[in-house]
Amino acid sequence: MSFTDRFPKKDLKVISAPFSGGQGKGGVDDGPQQLLDHGLIKEIEQLGWTPEFTGHLDLPTPASDEPIGHIKNPRHVANTAKTVYEEVSSAAKKGAFPLTIGGDHSIGTGTIAGVQSAHPDACVIWVDAHADINTPAATASGNLHGCPVSFVLGIDEPLSDKPEEDVFSWVPHCLEDSRLAYIALRDLDPFERQYLREHNIAAYTMRHVDQFGIGQVVEMALERVNPGNKRPIHLSFDIDAIDPFFAPATGTTVRGGLTWREGSYICERLAETGNLVAMDLVEVNPSLGDHPEAAPQTAAVAISLIKSALGDVLL
């Protein structure tokens, strides 16, 4: 299948969400600018796309954002996710490919809801060391970057019985368990492990990658959530899915992850289906890493993953 066959429409909207409120480490809000500084737009153009970038999203901090229970920054996260939702939804409904760069993964609530508004039968391939399916009640840390999937699945409960504090009530329960697949999991909380098992969600850990190889894992995931290759695909890729040896500048590193090549293969294979309609690339944090080249190295990996998802191949 040629590049043109895979992507007959090559309009692309770069949506930058410089947001760090879903977790506690500063610097991840600089991730989008890091990718832009390393030539993201030019790299996309060289692949034959027509990217539109109109600047970072305006994500103002609420005047007051006291915790609701143990949940941190609830209003800021909810407002940001809604802003992202509106941008992604608008781009997708116009026929463009929304490429959302973050920022922490709490924006996934908005990206999934936005893609689903235009492609209500889309499946989601979530590539991440973490499942991010905790409910607000289940998360021990209170950090909402571990909860975005629960909101769109509709398994969360209101943050409060006070209407003014039910700040995620806007989120549509738009994703079904059967249209969600995980790849590269290696750090799960107890609630997440239980939910994935009880609901038989397509979840492939690094053990599956070790046992079957990345090629077969991707095929198994696609067979589960996109039988017959009839559904649109939304790829949400957390850079911490890649082993920190390759991508060290991220906030929740876990050893034993994907190689750079394995991550690229996932993106290449999804592009090859011809049904990839949106991508997120999140959690690049240029302020982290244990050596001077950590940030540029991680940015290079992130951009290469995006390019692979947009059709870049050797031959």
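**Packing and backbone features of the predicted model**

At 15% relative accessibility, Asn-143 counts as buried, because the cut-off for burial is under 20% relative accessible area. This holds for a predicted model, as does everything described below. Asn-143 sits in the loop that runs between strand E4 (123–127) and helix H6 (148–153). Once neighbours within four places in sequence are set aside, the contacts of Asn-143 are Gly-22, Gln-23, Gly-24 and Lys-72. A separation of 26 Å lies between the C-alpha atoms of Asn-143 and Ile-306, which are 163 residues apart along the chain.

A second long-range pair can be set beside this one. The C-alpha atoms of Phe-97 and Cys-267 are separated by 15 Å, with the two positions 170 residues apart along the chain. Phe-97 belongs to strand E3 and is buried, its relative accessible area being 4%. Cys-267, for its part, is one of the H10 residues in the contact with H11, which brings the account to helix packing.

Helix H10 (residues 260–272) and helix H11 (residues 294–309) have axes that come within 7 Å and cross at roughly 25 degrees. H10 is therefore roughly parallel to H11, since angles under 35 degrees are counted that way. The crossing of this pair is right-handed. From H10, the contact draws on Trp-260, Gly-263, Ser-264, Cys-267, Glu-268 and Ala-271, and these meet Ala-300, Val-301, Ser-304, Leu-305, Ser-308 and Ala-309 of H11. Sorted by class, the residues joining H10 to H11 are seven nonpolar, four polar and one charged.

H10 also packs against helix H9 (residues 214–225), here at an angle of about 40 degrees and with the axes 10 Å apart. That angle makes H9 oblique to H10. The crossing of H9 and H10 is again a right-handed one. On the H9 side the contact involves Ile-214, Gly-215, Val-218, Glu-219 and Leu-222, while H10 supplies Glu-262, Tyr-265, Ile-266, Arg-269 and Leu-270. Six nonpolar, one polar and three charged residues make up the contact of H9 with H10.

Elsewhere in the chain, helix H4 (residues 74–93) and H5 form another pair, with axes that come within 7 Å and a crossing angle of roughly 30 degrees. H4 and H5 are therefore roughly parallel to each other, and H4 passes H5 in a right-handed crossing. The H4 residues Ala-81, Val-84, Tyr-85, Val-88, Ser-89, Ala-92 and Lys-93 meet Thr-109, Gly-110, Thr-111, Ala-113, Gly-114, Val-115, Ser-117 and Ala-118 of H5. This contact of H4 with H5 divides into eight nonpolar, six polar and one charged residues.

The nonpolar cores come next. The largest of them holds 50 residues, of which Val-127, Ile-183, Leu-235, Phe-237, Leu-258 and Met-279 touch the most other members. H11 gives this core its largest share, seven residues. Ile-183 offers a closer view of the surroundings: beyond its neighbours within four places in sequence, Ile-183 is in contact with Ile-125, Trp-126, Val-127, Asp-128, Tyr-204, Ile-214, Val-217, Val-218, Ala-221 and Ile-266. Among these partners, Ile-214, Val-218 and Ile-266 also take part in the contact of H9 with H10. Apart from the largest core lies another, of 44 residues, including Val-84, Ile-107, Leu-180 and Tyr-182. Val-84 is also one of the H4 residues that meet H5.

Finally, some backbone details are worth a look in the loops. Gly-102 and Gly-103 are joined by a cis peptide bond with omega of about 25 degrees. Gly-103 is placed in the loop between strand E3 (97–102) and helix H5 (108–118).

Positive phi values occur at two residues other than glycine, Asn-200 and Glu-283. For Asn-200, phi is near 50 degrees, and the residue lies in the loop between helix H7 (190–198) and strand E6 (202–205). For Glu-283, phi is about 75 degrees, and the loop in question links strand E8 (276–282) and H11. The two settings contrast in accessibility: Asn-200 is exposed, with a relative accessible area of 56%, whereas Glu-283 is buried, with a relative accessible area of 3%.

Methods: Residues are numbered from 1 along each chain as its sequence is written. This is a predicted model: local features need pLDDT of at least 70, side-chain atom pairs count only at pLDDT 80 or more; totals for chains, interfaces and linings use all residues. Side-chain values use heavy atoms; hydrogens and water are left out. Axes are lines fitted to C-alpha atoms, for helices over the stretch in contact, and angles run from 0 to 180 degrees between N-to-C directions. Helices (H or I, at least four residues) and strands (E, at least two) are DSSP runs, numbered from the N terminus. Angles under 35 degrees count as roughly parallel, over 145 as roughly antiparallel, 65 to 115 as roughly perpendicular and the rest as oblique. A crossing is left-handed if the near helix is turned anticlockwise from the far one by less than a right angle, and right-handed if clockwise. Contact means heavy atoms within 4.5 Å. Ala, Val, Leu, Ile, Met, Phe, Trp, Tyr, Cys and Pro count as nonpolar, Asp, Glu, Lys and Arg as charged, and the others, Gly among them, as polar. A nonpolar core is a set of buried Ala, Val, Leu, Ile, Met, Phe, Trp, Tyr and Cys residues joined through side-chain atoms within 4.5 Å. Buried means under 20% relative accessible area, exposed over 50%, partly exposed in between (1.4 Å probe, protein chains only).
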